[in-house]
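I opened a new page for this structure. My plan was to start with the ligand and its surroundings, then turn to the rings and the backbone.

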Amino acid sequence: MCGIVGYIGLKQAYPILINGLKRLEYRGYDSAGIALINGETNVYKKSGKVQELEEFAKKENIGGTVGMGHTRWATHGEPNDTNAHPHVSEKGYFTLIHNGIIENYSQLKKKLISRGYSFQSETDTEVLANLIEYIYLKGKVTPEMAVRLALSKVVGAFGLVISCKDTPDQLIAARRGSPLVIGIGNEEYFIASDATPIVEHTKSVIYLNNDNVAILKRNELTLKTIDNEPASLTIKQLDLDIGEIEKNGYDHFMLKEIFEQPKSIFDTFRGRIAADLSEITLGGLLDVMDKIEKAKRIVIIGCGTSWHAGLVGEYLLEEYARIPVEVEYGSEFRYRNPLIYEDDIVIAISQSGETADTLAAINLAKEHKALVLGICNVVGSSIPRETHAGVYTHAGPEIGVASTKAFTAQVTVLAMMAFLLGKRKGTITDEEYRKLIKELNDIPGKIEKILEHNEEYKKIAELYKDASNALYLGRGYFFPVALEGALKLKEISYIHAEGYPAAEMKHGPIALIDENMPVFVIATKDRSYEKIVSNIQEVKARNGIVIAIVTEGDTIIKKMADHVLEVPQAEAALAALLAVIPLQLLSYHIAVMRGCNVDQPRNLAKSVTVE
Ligand code: G6P
C-alpha cells in the first residue's frame with residue numbers, strides 16, 4: 001500500500017526523500033508528498049506520480065535536514081492534492097504520514113468536530129493529526145506522549161512518521177499492522193515502509209514490532225511501546241543489494257523479473273537440494289518436520305498470486321505426500337469461523353510477508369493452536385516473524401506489482417515440501433524422489449529455453465492486444481496456471497480475462513466463445529492430454545481462437561490450434577513452472593502495446609496491508 005520514507009540527520013533530506021519515494025512508488029502511486037522541517041515545516045504534495053511532485057517541488061524552497069515523504073494508495077478519499085500526505089494538524093503543530101486505516105476515524109472525527117476542529121481532507125489520517133494535536137494542547141504533554149495517548153484510542157492499522165513543530169529535531173515513528181523499518185546511519189536515521197529506500201544508505205536496520213513507538217533524534221534512538229514500556233531493539237543486517245532493486249537495462253521491473261526466473265528458482269532450491277541430487281533439506285522446517293509428516297490436514301492460506309501458488313501446492317501435496325489440503329483466501333478464512341484443529345498445519349504464502357488478510361488468518365490459526373508455517377519472500381517481514389517456522393523463497397526483491405518470479409519461487413518451495421514429505425512418509429519411492437529432484441534441478445535451464453521465444457510471443461501479443469475478453473483453460477496443475485495467466489492479463493492490460501478448469505468450460509464460459517475470443521489453453525503432455533485436446537476441439541467448433549501451450553514436438557494440437565507455443569517436456573508436477581512463463585510474457589507485451597503502465601497498474605498495490 002502506501003510508501004513511507006523519513007530522514008533525520010546532517011544531510012539535505014530532500015534528495016534522500018524524493019529518491020526514496022521513487023524506490024517506493026511500486027507500493028502506491030496515486031499521489032505523493034513531502035514535508036521538510038527547516039525552522040518551519042514546508043509541505044509539498046501532488047496527486048499523480050512522484051515525478052509530478054518532483055517537478056512541482058523544483059520551484060520551491062526545499063532545504064532541511066529532517067523530513068518525511070509519502071506515496072499514497074487511497075483508502076479514504078479520492079486521490080487529489082488535498083487528500084495526499086503529509087497531513088498537518090489544524091493549528092499546525094503536527095505533520096504526519098500514514099500507511100494503514102484508522103477504522104474508528106468517523107467517531108473520532110465527530111468528537112473533534114464537536115470540540116471545534118474542522119477538516120480539509122476526507123482522510124482518516126487528518127483525523128489522527130488533529131487528535132494528536134488536541135491531546136497535546138489540552139493535556140500539555142510532550143509530543144511523544146500525545147502520540148502515544150492518541151494511538152491508544154485508535155482502532156485499526158498504522159505505520160506513521162510524525163513531527164511536531166515544537167521539537168523540530170525529532171521524528172516519531174509508530175507501527176501497528178503496517179510495517180516500518182529504521183535504518184541506522186552515522187548521526188542519521190532513515191525510516192521506511194520497506195528496506196528499498198534504505199539499502200543505498202545503510203544496511204543496519206531495525207524492524208519495528210507492532211505497537212512500537214520510536215523517537216528519533218540525529219544521534220539518539222529510543223524505542224518503547226505505545227503503553228510507554230521499553231521495547232527491545234534488535235539490529236539486523238540487510239541482505240539486499242542495490243542492483244537488485246534497479247531495472248538493470250530492462251524497460252520494466254516486470255520484464256526483468258520474468259527474465260530472472262531461471263536464477264530466482266535456482267536460488268530458491270540452492271543449498272536445499274544436495275549436489276548429488278539425492279536429498280532435499282528445508283532447514284527452516286527441520287524442527288517441525290515430524291509434526292507435518294503426521295498431519296491429517298494442511299490448510300494453505302494466501303491472497304492473489306500467492307493463493308494461486310497455494311492451489312498448485314494443494315495438487316503437489318496431495319499427490320506426493322498424500323495429505324488432504326484445503327486452500328483458502330486469507331480474507332475468507334479469517335471471517336468465516338473456519339474449523340481449525342490443533343493438529344492442523346497451516347501454510348501461509350506471501351511474497352511481501354505483509355498482506356493484512358493473510359496475517360490475520362495466521363493469528364486466527366495460532367489462536368486455535370495450529371502449527372503455522374510461512375512461505376515468504378521478504379526476509380524479516382511480518383509473516384515470517386509471526387509464524388512458527390517456514391521457508392524463504394529467496395527470489396530477490398519483486399518490484400513489479402504483478403507478481404511473476406515470486407509465484408514460481410513459491411511453487412518451487414511447495415514442490416520441495418511435497419517431495420520431501422512424500423519421501424519421509426514413504427508415499428513415493430526413493431527412485432521417484434530422486435527423479436523429481438532431478439526434474440526440479442532441470443527447470444531453470446528449461447525456462448532459459450522458453451525465454452528465447454520472447455520475440456515470438458510479441459508477435460502473438462500484437463494480434464490479440466485489442467481483445468476485450470480472454471479465456472484461460474487448464475486441467476490439473478494447469479488449472480491454477482490458467483487462473484494466474486488470466487490474472488496477469490487483467491491486472492496489467494485491463495482486458496477482462498477468466499481462468500477456468502478446462503472441463504468446466506462446458507458449464508458456462510463456452511457461451512462466450514465466438515470468433516473474437518482468444519482462448520489460451522495449457523495443453524502440455526500429461527495424463528489429461530487427450531481430454532484437453534477435446535476441449536480445444538470444442539472451442540474450435542465454436543470459432544474461438546486457440547493459443548495453445550504445448551510440449552515441444554507436439555503435432556496433434558498444432559493441427560487444430562491457431563497458434564502453438566512450445567515449452568520443453570517436464571514432469572507434470574513441475575510443468576506449471578514452465579507453462580506460466582509464456583503467459584506472463586504475453587500479458588506483459590499486450591499491456592505494453594496497449595500503452596499501460598505495466599509496473600504500476602491502476603488501482604493496484606504491491607503489498608496490501610489493509611484488509
Ligand atoms: C497484491 C499484489 C499481488 C499479490 C497479492 C498477495 O494484490 O498486487 O501481486 O499476489 O497482493 O500479496 P503477497 O505479498 O501476500 O503475496
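**Entry 1: the shell.** I sorted the residues of the shell around the ligand by type. Four are nonpolar, eight are polar and one is charged. I kept in mind that this is a predicted model. Next I asked which residues come nearest to the ligand. Of the 13 residues around the ligand, these are Ser-306, Ser-350, Gln-351, Ser-352 and Thr-355. I then looked up which element gives the largest share of the shell. Helix α9, residues 304-321, does, with three residues.

**Entry 2: contacts with ligand oxygen.** I went through the polar contacts one by one. Thr-355 places a polar side-chain atom 2.4 Å from an oxygen atom of the ligand. For Val-401 the backbone takes part: an N or O atom there lies 3.1 Å from a ligand oxygen. Ala-605 also uses a polar backbone atom, 2.9 Å from an oxygen atom of the ligand. I then checked how much of the ligand the protein covers. On its own the ligand has 390 Å² of accessible area, and the protein covers 90% of it.

**Entry 3: the pocket.** I wanted to know which pocket the ligand takes up. The ligand fills the space of the second largest pocket.

**Entry 4: aromatic rings.** A pair of rings is described by the distance of the centres and the angle of the planes. I found a count of 10 aromatic pairs. One of them is Tyr-320 with Phe-419, and this pair is edge-to-face. The centres are 5.2 Å apart and the planes stand at 90 degrees. I looked up where the two residues sit. Tyr-320 is in helix α9, and Phe-419 is in helix α13, residues 405-425. The pair links distant parts of the chain, 99 residues apart.

**Entry 5: the backbone.** I looked for a cis peptide bond and noted one between His-85 and Pro-86, with omega about 0 degrees. Pro-86 belongs to the loop between β4 (66-72) and β5 (87-88). I then turned to Asn-337. Phi of this residue is positive, near 55 degrees, and Asn-337 is not a glycine. I placed Asn-337 in the loop between α10 (330-335) and β17 (345-350).

Conventions. Residues are numbered from 1 along each chain as its sequence is written. This is a predicted model: local features need pLDDT of at least 70, side-chain atom pairs count only at pLDDT 80 or more; totals for chains, interfaces and linings use all residues. Side-chain values use heavy atoms; hydrogens and water are left out. A residue is near a molecule or strand if one of its heavy atoms lies within 4 Å of it. A polar contact is a pair of N or O atoms within 3.5 Å; within protein, one must be able to donate a hydrogen and the other to accept it, and residues adjacent in sequence count only if both atoms are side-chain atoms. Accessible areas come from the Shrake-Rupley method with a 1.4 Å probe; for residues, only the protein chains shown count as cover. On a 1 Å grid over the protein atoms alone, a cavity is a set of points where a 1.4 Å probe fits but cannot get out, and a pocket is an open set with protein on both sides within 12 Å along at least five of seven lines; lining residues have an atom within 4 Å of a point. A molecule sits in a cavity or pocket if more than half of its atoms lie within 2 Å of its grid points. Helices (H or I, at least four residues) and strands (E, at least two) are DSSP runs, numbered from the N terminus. Ala, Val, Leu, Ile, Met, Phe, Trp, Tyr, Cys and Pro count as nonpolar, Asp, Glu, Lys and Arg as charged, and the others, Gly among them, as polar. Rings of Phe, Tyr and Trp (its six-membered ring) pair if their centres lie within 6.5 Å; planes under 30 degrees apart count as stacked, over 60 as edge-to-face and the rest as tilted.
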